[in-house]
Amino acid sequence: MLRPGIADIGFLFLTSEGCVGSSDKDLYVGKTFKNRDEFKQHMALYAIKQKFVYRCARSSPSVMVLECSGVSCMWRVYAVLVKGSSLYEIRKLRGGHSCSVDERAGYQRQATYSVIGEMLKQQFT
């Protein structure tokens, strides 16, 4: 039995705080995350749920740009470190995938041990 506020959808345990959801409403310009790791965790879970693979097009301590791995797909997220804090904020989002279903295959590889471990850690703390 799961704690209240925890949903079981297959192997994913999702908190009621909106760790990941089923629509693009869970990803929007202005959405903030506690830190870079939380942003990466959210994006990994989001990609698994939405069944697509992304790649990191650009990464530095203050910026992350993620793009769909589909050759012609325009999906893209641009997130930055908010000055004077550890918060990460989505500043630009190009939603909607123009890639084929075949190009989206392989999304399961984003379920790394660290992503699964963090999900389990959240459930038991």
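Strand 6 and strand 7 run antiparallel and are joined by six bridges. This pair belongs to an open sheet of five strands in a predicted model. Helix 1 (36-50) supplies residues to the largest nonpolar core, as do strands 5, 6 and 7. Salt bridges come to four by count, and some of them share partners, joining R55, E67 and R76 into one network.

**Sheet**

- The five strands are ordered 3-7-6-5-4, and their pairing is antiparallel.
- Strand 3 (32-33) and strand 4 (54-60) are the edge strands; each has a single partner strand, so one side of each has no neighbour in the sheet.
- Between strand 6 and strand 7, residue Y78 is placed opposite K92 of strand 7.
- Strands 6 and 7 also make a hairpin, with six residues between the two strands. In its turn, G84 has a positive phi of about 80 degrees.
- Strand 5 and strand 6 are antiparallel and linked by five bridges. M64 faces A79 of strand 6.
- Two bridges connect strand 3 with strand 7, again in antiparallel fashion. F33 has Y88 in strand 7 as its bridge partner.

**Helix 1**

- Helix 1 is 15 residues long and spans 21 Å from its first C-alpha to its last, close to the 21 Å expected at 1.5 Å a residue.
- At the start of the helix, a side-chain oxygen of N35 comes to within 3.2 Å of the backbone nitrogen of D37.
- Just after the helix, K51 adopts a positive phi of about 60 degrees.
- Nine positions can be read off as buried in this helix: F39, Q41, H42, M43, A44, L45, Y46, A47 and I48.
- K40 is also in helix 1, but K40 is partly exposed, at a relative accessible area of 38%.
- Apart from neighbours within four places in sequence, K40 contacts Y54 and M64. The C-alpha atoms of K40 and M64 are 9.2 Å apart, although 24 residues separate the two along the chain.

**Nonpolar core**

- The largest nonpolar core has 19 residues, of which F39, M43, Y54 and W75 touch the most other members.
- At least two residues of this core come from each of helix 1 (36-50), strand 5 (63-68), strand 6 (76-81) and strand 7 (88-94).
- The greatest contribution is that of helix 1, which gives five residues.

**Salt bridges around E67**

- R55 and E67 form a salt bridge through their side chains, at 2.8 Å from N to O. R55 is in strand 4 and E67 in strand 5, so this pair ties together parts that are twelve residues apart in sequence.
- E67 forms another salt bridge with R76, where the closest N and O atoms are 3.5 Å apart.
- R55 is partly exposed, with a relative accessible area of 43%.
- E67 is likewise partly exposed, at 21%, and R76 is partly exposed at 25%.

**E89 and R91**

- E89 lies in strand 7. With a relative accessibility of 19%, E89 counts as buried, because buried means under 20% relative accessible area.
- The side chains of E89 and R91 meet in a salt bridge of 3.1 Å, N to O. The two side chains are also joined by a polar contact of 3.1 Å.
- R91 is partly exposed, its relative accessible area being 40%.
- Not counting residues up to four places away in sequence, E89 touches G30, K31, T32, Y78, A79, V80 and V82.

Notes
Residues are numbered from 1 along each chain as its sequence is written. This is a predicted model: local features need pLDDT of at least 70, side-chain atom pairs count only at pLDDT 80 or more; totals for chains, interfaces and linings use all residues. Side-chain values use heavy atoms; hydrogens and water are left out. A nonpolar core is a set of buried Ala, Val, Leu, Ile, Met, Phe, Trp, Tyr and Cys residues joined through side-chain atoms within 4.5 Å. Buried means under 20% relative accessible area, exposed over 50%, partly exposed in between (1.4 Å probe, protein chains only). Helices (H or I, at least four residues) and strands (E, at least two) are DSSP runs, numbered from the N terminus. Two strands pair if DSSP finds at least two bridges between them. The expected span of a helix is 1.5 Å times one less than its number of residues. A polar contact is a pair of N or O atoms within 3.5 Å; within protein, one must be able to donate a hydrogen and the other to accept it, and residues adjacent in sequence count only if both atoms are side-chain atoms. Contact means heavy atoms within 4.5 Å.
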